[in-house]
Amino acid sequence: MNILIATIGTRGDVQPYLALAMGLKAAGHDVTICTCPRYRTFVFNYGIGFLPLEEGLLELLETEFGRSIVESLNGVFGVLRSIPKVMEKTGAIYRRMVDDCWAATEALNPDMIIYHPKLFCVPAFAAVRKIPAILAMLCPFHVPTGESPLFGPSLGRFYNRWTYRMVHLLTKLGTRGYLRDWRSRHDQNGLSQHSNPTQISPGHSIPVIHAYSQSVCPRPSDWPDNATVTGYWFLPQETAHGSRWHPSSELLAFLEAGPPPVYFGFGSMAGTDPITVTQMILSAVEKANVRAIISTGWGGIVPFESSPNIYVLEFAPHSWLFPKMAAVVHHGGAGTTAAGLRAGCPTIICPFGVDQPFWGRRVAELGAGIAPIPQKELTDTLLANAILRVTNDQSFCASAKSVADAIAQENGIAQAIKTIEQCGSSAIAVGVPT
């Protein structure tokens, strides 16, 4: 098949899809990724085709406004308050994003589109082109279930399902204007008239594949058949940025100079005050009297000079670094959480918002870490105590290793490819209008 994978977001929203693309290519399929230009080299270095997508959303996330919005996306009411602010800032961005995604679809003429949930326009494109679409999720935030809510505490099956329906409705209302504009120019026959982010047409639900481990987040018993959990999608361990990665002699020397350090890194989540966060981490490291590797990432931590007990790192593959850590402290992004659990590391999650509090709760429920400490509540004392707890209590290490052993038995990419090929061989079964 000729497959287009469309995704947008931070590196954590691109890397798993790139891993899937590599698996599909190895299975004999032609694969192209449509995403933001900043990832062009990253994608090309792995031998995967690339098509550009408007990256205004990422640029907005890097502003103070964007960082404040991420921190507000925590709980039902936080989401409700944030949506109008987001829509006000993103109207032109979304229009360009829709047009770019459609241009990629026209240029590639794919047999199937696999897409990130932010690209709500794909079901309409699939309806017009009469091809299957598959929604690929990194967290269970789309398919309704009565077993757990989308946000906040569980208040019963009806409420839990309502949280999903509410977000679906808001998504439909918030995106219909962009789709209406696109349809007026590209769908004169009205083939996508009834499509929405959950369906290509009435009665034809889109398959949803979830790229995480059942051992970390079990599939709800009330999910429909079109929703599956495949296991994580990991890039090859020996590579980073698409070429073989080698640690510096300085990093190797630091690792060999003492006991395993604690990792700190917040990836692309910079928050509204990275200077304060950096100072807090340094104070917590001193109070806990541990060695540390601090990753500056994409602005979440301010760069500073290394010291005998602290190594400042710009980048290293989590798959190489995390197994060498005593514990990991991070924001709780889906990819970073997966890497920490895969490595069997006791974990401390300090979430900003979005899906991060969810993964923090899951880690705690698995016994692989403590309850998440929200960034707004984080202090050096809380962080130091958390570090001492997860590094001294062997039950956290045992639970983390148990989860890692379960993840090691899975092949998420192979399972995803199996589902994708089944969908491709039976277009009617995956919701393509006849």
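**A walk through the core and helices of a predicted model**

Let me start with one residue, Leu24, which touches Ile3, Ile5, His29, Val31, Ile114, Ile417 and Ile420 once we set aside residues up to four places away in sequence. Please keep in mind throughout that this is a predicted model, so that everything I describe is computed from predicted coordinates.

Leu24 belongs to a wider group, because the largest nonpolar core has 94 residues, and Leu24 is one of those that touch the most other members, together with Ile5, Leu20, Ile114, Trp233 and Ile420. Which helix gives the most to this core? That is helix α5, residues 76-108, which supplies 8 residues. Apart from this core lies another one, made of 28 residues, including Ala284, Ala288, Ile294 and Ile387.

Let me now step back to the protein chain, in which there are 15 helices and 16 strands. Of its 434 residues, 55% are buried, and the chain exposes about 18,100 Å², with carbon and sulfur atoms supplying 54% of that area. If we take the contacts between residues at least 6 apart in sequence, 63% of them join residues at least 24 apart.

With that in mind, we can return to Leu24 and look at the helix that holds it. Two packed helices are described by the angle between their axes and the distance between the axes. Here the pair is helix α1, residues 15-26, and helix α15, residues 412-425, whose axes come within 10 Å and cross at roughly 65°. That angle makes α1 roughly perpendicular to α15, and the crossing of the two is right-handed. Which residues meet where α1 and α15 come together? From α1 they are Ala19, Leu20, Gly23 and Leu24, and from α15 they are Ile413, Ala416, Ile417 and Ile420. An α-helix has 3.6 residues a turn, so residues three or four places apart point the same way.

Next comes helix α6, residues 122-129, and you might ask why it is described as largely enclosed by the rest of the structure. The reason is that 7 of its 8 residues are buried, namely Val122, Pro123, Ala124, Phe125, Ala126, Ala127 and Val128. After α6 comes Lys130, which has a positive phi, near 60°.

That brings me to backbone angles. Most residues other than glycine have a negative phi, and most peptide bonds are trans. Asn109, however, has a positive phi, near 50°, and sits in the loop between α5 and β4, the latter covering 112-115. Asn289 also has a positive phi, near 55°, and its place is in the loop between α9 (274-288) and β13 (292-295). How far is each of these two residues covered? Asn109 has a relative accessible area of 48%, so it counts as partly exposed, whereas Asn289, at 68%, lies over the 50% cut-off and therefore counts as exposed.

Finally, let us look at Thr336, which is found in helix α11, residues 334-342. Is Thr336 buried or exposed? Its relative accessibility is 11%, and because the limit for buried is under 20%, Thr336 counts as buried. Leaving aside neighbours within four places in sequence, Thr336 is in contact with His318, Phe322, His330 and His331.

How values were computed. Residues numbered from 1 in each chain as written. Predicted model: local features only at pLDDT ≥ 70, side-chain atom pairs only at ≥ 80, totals over all residues. Heavy atoms only, no water. Core = buried A, V, L, I, M, F, W, Y, C linked by side-chain atoms within 4.5 Å. Buried < 20%, exposed > 50% of the residue type's maximum accessible area, 1.4 Å probe, protein only. Helix = DSSP H or I, 4+ residues; strand = E, 2+ residues; numbered from the N terminus. Contact = heavy atoms within 4.5 Å. Areas by Shrake-Rupley, 256 points an atom, 1.4 Å probe, with all protein chains shown as cover. Axes fitted to C-alpha atoms, helices over the stretch in contact; angles between N-to-C directions. Parallel < 35°, antiparallel > 145°, perpendicular 65-115°, else oblique. Left-handed = near helix turned anticlockwise from the far one by under 90°.
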